[in-house]
Amino acid sequence: MLESNPLLARRVAVASLIVDTLFQSLALLGDAESSRSSPSAIYVAYAPHPYAPIGLFSAGLILQIQWLLRLSLPSKEFDEEEETSAIPLEITPTNSESSIDNASGELSERTDSQPANDAHKTEEIDDDLLLRDEVDDVTYFNTHEPAYLGYLPFYVMGCFLQAGWAVLWMTRHYDYCAMFLLLNLAIEAYALFWILGGSKNHRYPQSNIFTHLIVKIKIATSVLYLWKTWGAVDILPPPSASEGIVTCTFFVCLALASGPDPTLGFLLAIVLLGLATGQNHYFEWSLLFGWTCMSVSIVVALDWAFGVKSRRILMPQLARFEEGTERLLVNRQNGL
């Protein structure tokens, strides 16, 4: 239904953004008020720096507003069609008196039939305008983000899941918070690797740039909130070696999965830096997050520098498959 009605799709996207922004703002304000009034009464094994969730929330809000404004712009193809549809009338002057006489004779002959022809033309113009109004808006939809309509259902679900996490966080139902965040993380990962197709062995997205940024910042926000939720309920002693290996492996694999595009890896490094500089009951947690942040940053930098060539050498069939699917997607979007 949303794919056949882009106007409704934009309205649903705006409403989802408003709901998500409202409840996340209430949750962040509640955390700030609690830490200001009685910081010693709040026990957490680890928590991000207060500016980390605020920074990700602000950056995500700005990007989403820019994304929605960009989608409201008129389509480039539509503008070109409007320009080419207006064809100037060419008049070729003649100096022959006979041609003038013939023209005046033809004009007098057509005088009687001109009202009927004008009415017929008027009806054709009206029919064309009505037909154009009834044509699906997808034809003239904004071509800057062609995957917008495909991602929109996942965007709406992600917004409501984050809003649900905010409500559960304020009511201190931490177990349900983790469930909502894991589901949101799975949805956004599916959208990144299936709807958008990942990076396709490029250092930056070739299309749907704003949509890529929205998905990746939502993934980073879900990861930050997930560790924040676990820190509120974790009463275990300092992290063991196995916990450190599992944590580092998770972040490195998630960063490499979207490589060689370094955007998601950079956002995950910011999340880890926020966790390392936040409130930690045991100093070992701060060391774990700090070393993991350094490891992710190094791996992402190496993958950005050498990932394209290494994937073509180590996985040539996968690289050719990704290039072929990318060309097919571009041709499909261009109507070829």
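Confidence in this predicted model varies along the protein chain, being lowest in helix H5 (residues 114–134), at a mean pLDDT of 47, and highest in helix H10 (residues 263–276), at 94. Over the protein chain the average is 76, and 64% of the residues score at least 70. Two stretches call for particular care: pLDDT stays under 50 over residues 75–79, for which the model has nine contacts beyond four places in sequence, and pLDDT also stays under 50 over residues 125–141, for which the model has 18 such contacts. Where pLDDT is low, the predicted coordinates should not be read in detail.

The UniProt record, an unreviewed entry, places the feature "transmembrane region" at residues 148–170, 176–197, 209–227 and 288–306. In the model, residues 148–170 are 100% helix and 0% strand, with the C-alpha atoms at the two ends 32 Å apart. The span 209–227 is likewise 100% helix and 0% strand, and its end C-alpha atoms lie 27 Å apart.

Salt bridges offer one way to follow how separate parts of the chain come together, and the structure holds three of them. Lys218 forms a salt bridge with Asp20, the closest N and O atoms being 3.8 Å apart. Because Lys218 belongs to helix H8 (residues 209–233) and Asp20 to helix H1 (residues 6–37), this pair ties together parts that are 198 residues apart in sequence. Both partners, Lys218 and Asp20, are buried.

Helices H8 and H1 are also tied by Lys228 and Asp31, so that this pair connects parts 197 residues apart in sequence. In the salt bridge between Lys228 and Asp31, the closest N and O atoms are 2.6 Å apart. Here the two side chains fall into separate accessibility classes: Lys228, at 10% relative accessibility, counts as buried because the cut-off for that class is under 20%, whereas Asp31, with a relative accessible area of 24%, is partly exposed.

Helix H8 takes part in a further salt bridge through Lys216, whose partner Asp261 lies in the loop between helix H9 (241–257) and H10, so the pair ties together parts that are 45 residues apart in sequence. The closest N and O atoms of Asp261 and Lys216 are 2.2 Å apart, and both residues are buried.

Aromatic rings provide another set of links, and the structure holds 15 aromatic pairs. One of them joins Phe154 and Tyr190, whose ring centres are 5.4 Å apart with 45° between the planes, an arrangement that is tilted. This pair connects distant parts of the chain, since Phe154 lies in helix H6 (residues 148–170) and Tyr190 in helix H7 (residues 174–195), 36 residues apart. Phe154 counts as buried at 17% relative accessibility, while Tyr190 is partly exposed, with a relative accessible area of 40%.

What arrangement do the rings of Trp285 and Phe289 adopt? Their centres are 5.9 Å apart and their planes meet at 25°, so the pair is stacked, the cut-off for stacking being under 30 degrees. Trp285 and Phe289 are four residues apart in helix H11 (residues 283–314), which means that about one helical turn separates them, and both are buried. Beyond individual pairs, Trp165, Trp169, Tyr174 and Tyr225 are linked by ring pairs into a cluster.

Technical notes. Residues are numbered from 1 along each chain as its sequence is written. This is a predicted model: local features need pLDDT of at least 70, side-chain atom pairs count only at pLDDT 80 or more; totals for chains, interfaces and linings use all residues. Side-chain values use heavy atoms; hydrogens and water are left out. pLDDT is the predictor's confidence in each residue, from 0 to 100. Contact means heavy atoms within 4.5 Å. Rings of Phe, Tyr and Trp (its six-membered ring) pair if their centres lie within 6.5 Å; planes under 30 degrees apart count as stacked, over 60 as edge-to-face and the rest as tilted. Buried means under 20% relative accessible area, exposed over 50%, partly exposed in between (1.4 Å probe, protein chains only). UniProt positions are given in the numbering used here, feature names are shortened, and annotations may be inferred rather than shown by experiment. A salt bridge is a side-chain nitrogen of Lys or Arg within 4 Å of a carboxyl oxygen of Asp or Glu.
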